[in-house]
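Let's take a walk through this protein together, one stop at a time. Please have the sequence and the 3D view open as you read.

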Amino acid sequence: MSEVVKLERQDVIAIITVNNPPVNALSAAVRGGILECVNSAIADPEVKAIVLTCAGRTFIAGADITEFGKPPKPPGLNEVLAVMENSPKPIVAAIHGTSLGGGLEVALACHFRVATKEAKLGLPEVKLGLLPGAGGTQRLPRAVGPELAVKMIVGGDPISAAEALKNGLIEEIVEGPAIGGEAFARKVLAEKRPLRKLRDDNSKLAAAKADRSIFTNAVAAMTKRARGLEAPFAAADAVGYAIDLPFDEGLKKEREAFLKLVASDQSKAQRYAFFAEREAAKIAGVPEGTKPRNVERVAIIGAGTMGGGIAMSFANAGIPVTLIETGEEQLKRGMGVMQKNWEATAARGGIPADAPAKRMALINGVVGLDNVKDADLVIEAVFETMAVKKEVFGQLDKFAKPGAVLASNTSYLNIDEIAKETKRPQDVLGMHFFSPANVMKLCEIVRAAKTAPDALVTAVSIARKIAKVPAVVGVCDGFVGNRMLAQRGKQAEKLLFEGALPQQVDAVVTKFGMPMGPFAMGDLAGLDIGWRSRKDRGIKSEIADALCEAGRFGQKTGKGYYKYEAGSRAPLPDPDVEKLIDETLTRLGRKRRAVSDEEILERMMYPMINEGAKILEESIAARPSDIDVVWLYGYGWPIYRGGPMYWADQVGLKHIADRLAFYAKETNDPSLEPAPLLKRLVAEGKGFASLTASSSKAA
Ligand code: T1G
């Protein structure tokens with residue numbers, strides 16, 4: 001018996017309970033404990049059947065990710081699972097919470113599986129740049145068939161207990177896991193059910209053996225968005241081994257593929273990202289144990305694009321909101337957009353057909369700011385000018401109840417300024433969602449000078465509750481993400497003046513793994529927004545201004561840096577743009593030069609990393625990994641590259657500093673001079689990872 005795995009007997013039933021908080025991860029101690037208890041139960045002549053269950057909030061949620069990259073400790077998981085599967089006595093896995101990764105692989109090596117109705121079962125290894133490494137790719141196709149197995153293993157998303165029952169992954173849905181498991185074990189004994197070893201059951205593989213397109217079509221569907229990633233393709237190949245090879249051979253090839261991935265740069269980056277996301281939810285400088293305020297009622301001000309998207313995020317999480325507008329017309333329009341969005345998703349099968357109506361019912365649309373009076377959290381998403389924000393917060397101070405958290409969704413305005421409009425600056429902070437707010441996961445939680453610790457903890461906790469990824473940032477122009485993006489945009493503009501074309505710059509950035517380049521992004525957002533702001537500030541940007549003066553605002557006018565065919569959002573290079581650039585450069589007496597892709601990549605990424613260093617120096621972000629979380633979840637930074645600061649450490653800070661210094665001189669741009677922190681780290685021979693201990697957990 002070990003500290004983390006206990007064995008007890010209820011007459012002829014042995015109950016093995018894993019207790020390794022917080023998620024019963026399969027550490028070496030857990031693996032050893034399970035093996036020891038299974039062997040004892042098998043050896044005990046009184047025992048006729050065995051139940052494997054877990055204490056705490058969940059069944060085993062996988063291998064212990066912190067063990068990866070370290071020398072493996074015995075027993076190996078495959079060794080434990082072989083003893084379980086070959087047990088002469090039936091073993092029942094009793095599942096609750098989430099049975100994920102190695103956890104589901106343990107359950108698959110049992111002869112029977114039962115689960116509570118809220119349980120979720122999945123093999124998410126691919127999200128860590130891995131594939132199931134303990135038989136999951138060989139046993140799951142035998143349990144549910146290759147098609148669903150590909151969906152679960154290559155996609156990485158769990159299925160519900162109901163779906164697991166329907167597809168034969170579990171035998172029954174039970175009440176409490178241990179009691180249900182024990183009752184099922186007694187049923188197995190009473191009915192003298194033969195042991196079901198998945199390794200020996202090829203019945204569900206027959207169809208795909210006869211018609212391989214069942215498998216290949218499923219793979220094609222699940223790898224459509226896997227551009228640049230290694231694991232999804234390796235995981236799909238491993239399911240193929242289950243169809244093509246005898247079990248033991250398939251198991252061997254799965255292990256080889258797993259070991260290759262676990263050592264890969266991509267998986268190291270994805271495991272880093274997993275922990276970085278969780279670290280970001282721990283707010284630096286907030287006293288340990290600070291509790292969130294109770295949030296039962298939420299009010300959102302503004303039913304425009306952002307307000308509507310934010311309201312949808314709450315309704316998607318089943319949380320009712322009061323949506324406030326200044327007039328019935330605006331309210332009706334906003335509600336209509338939400339209804340349309342949900343109906344489009346339901347039509348695609350993304351949510352159940354009855355979900356749009358259910359979610360619309362959670363949104364109470366009203367007119368008048370006084371409707372915030374019962375809200376525990378108010379999120380303002382009105383027009384992005386300081387004057388309007390100040391007006392709204394002055395009103396909120398009047399109508400909102402004491403202790404309500406007052407959040408602004410501003411993407412760059414000064415929260416300290418906004419807080420001054422209230423007598424309760426301790427309750428004011430930013431919750432900067434990213435458009436489309438019902439889709440993008442990032443929420444920058446902006447900490448103002450007087451924001452109270454528990455207000456911050458409340459915002460982080462509610463963000464996680466609506467399935468967002470929070471990152472706490474400080475007050476400055478653009479906070480973290482947009483402040484770094486501005487540096488990239490500046491260099492992108494300059495590259496056009498030096499001879500590169502929009503399509504060349506964007507191609508380099510998308511090849512790197514970003515979802516789109518700076519010019520396609522500009523066309524999407526609308527070039528007129530920047531044009532108006534430049535005119536307000538008396539700033540010229542010859543090429544961008546020339547495009548706008550020609551009415552080329554981007555997708556909204558069918559032409560911008562690119563041209564767009566009617567009804568299509570695909571950016572097409574436009575010779576007229578090249579002509580406009582040439583004319584502008586001639587007028588400015590400038591000549592185009594050939595710009596290499598390598599220079600473009602360096603000038604797109606290194607200035608952003610330099611700005612990240614300045615953000616850390618100014619404590620606008622507490623950790624380099626928080627900056628990475630912002631870019632992974634707010635801008636689509638490729639997960640297999642970990643984030644800009646993680647990637648910078650892989651490239652090497654000395655190289656980056658040297659190239660920045662070169663471009664600063666070459667293009668006469670002092671803003672490209674390496675930041676003091678960057679120079680210090682180079683001098684000390686360190687990387688950004690040395691700045692916070694958290695990165696070591698993610699290594
Ligand atoms: N290993 C180590 N620590 C883990 C962990 C894991 N598998 N899962 C979670 N944690 C920590 C997490 O860092 C956090 O720590 C705390 O537990 C609570 O997590 C052989 C090789 C289970 C759905 O990918 O998806 O099995 O911050 O904040 O929101 O084939 O955790 O408190 O210090 O996320 O309630 C496969 C990963 C592994 C599942 C719970 N399994 N975990 O979500 O809590 S690879 C996974 C999750 C594998 C096999 C392969 C979620 C959760 P701290 P949390 P949550």
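**Cysteines, sheet and loops**

In this predicted model, the disulfide count comes to 0. Take Cys-54 as a start: this residue is in no disulfide, and the nearest cysteine sulfur, that of Cys-110, is 10 Å away. A disulfide would need the two sulfur atoms within 2.5 Å. Cys-54 counts as buried because its relative accessibility is 6%. Cys-476 is likewise in no disulfide, and here the nearest cysteine sulfur belongs to Cys-443, 16 Å away. With a relative accessible area of 15%, Cys-476 is buried, because the cut-off for that word is under 20%.

Now turn to the sheet. It is open, is formed by 8 strands with mixed pairing, and follows the order S12-S11-S10-S13-S14-S15-S16-S17. Which strands stand at the edges? They are S12 (363-367) and S17 (469-474); each has a single partner strand, so one side of each is left without a neighbour in the sheet. From one strand to the next, the twist averages 25°.

Strand S13, residues 377-380, is a good place to pause. On one side S13 runs parallel to strand S10 (residues 298-301), joined by 4 bridges, and Glu-380 of S13 is the bridge partner of Ile-301. S13 is also joined by 4 bridges to strand S14 (residues 405-408), again in parallel, with Ile-379 standing opposite Ala-407 of S14.

What about the faces of this strand? In a regular strand the side chains alternate between the two faces of the sheet. In S13 both faces are covered: Leu-377 and Ile-379 on one side, and Val-378 and Glu-380 on the other, are all buried. If you follow the chain onward from S13, you can trace a right-handed β-α-β unit made by S13, helix H16 (residues 386-399) and S14.

Next, look at the end of the sheet where S17 lies. Strand S16 (residues 442-447) pairs with S17 in the parallel sense over 6 bridges, and one pair to pick out is Val-446 with its bridge partner Val-473 in S17. The loop between helix H18 (453-465) and S17 holds Ala-467. This alanine has a positive phi of about 60° although it is not a glycine. Ala-467 is partly exposed, with a relative accessible area of 48%.

Another residue with positive phi is Asn-24, a non-glycine whose phi is near 55°. Asn-24 is found in the loop between S2 and H1. Is Asn-24 buried or exposed? With a relative accessible area of 2%, Asn-24 is buried.

The loop between strand S2 (13-18) and helix H1 (28-43) is also the place of Pro-22. A cis peptide bond, with omega about 5°, joins Pro-21 and Pro-22. For another cis bond, go to Ser-435 and Pro-436, where omega is about -5°. Pro-436 is in the loop between strand S15 (428-433) and S16.

Our last stop is a pair of helices. The axes of H26 (residues 624-634) and H27 (residues 644-651) come within 6 Å and cross at roughly 115°. Which residues meet there? From H26 come Pro-624, Ile-627, Asp-628 and Trp-631, and they meet Pro-644, Met-645 and Tyr-646 of H27. Sorted by type, the residues of this contact are 6 nonpolar, no polar and 1 charged.

Definitions and conventions:
Residues numbered from 1 in each chain as written. Predicted model: local features only at pLDDT ≥ 70, side-chain atom pairs only at ≥ 80, totals over all residues. Heavy atoms only, no water. Buried < 20%, exposed > 50% of the residue type's maximum accessible area, 1.4 Å probe, protein only. Helix = DSSP H or I, 4+ residues; strand = E, 2+ residues; numbered from the N terminus. Pairing = 2+ DSSP bridges. Right-handed = clockwise from strand over helix to strand, strands pointing away. Axes fitted to C-alpha atoms, helices over the stretch in contact; angles between N-to-C directions. Contact = heavy atoms within 4.5 Å. Nonpolar A, V, L, I, M, F, W, Y, C, P; charged D, E, K, R; others polar.
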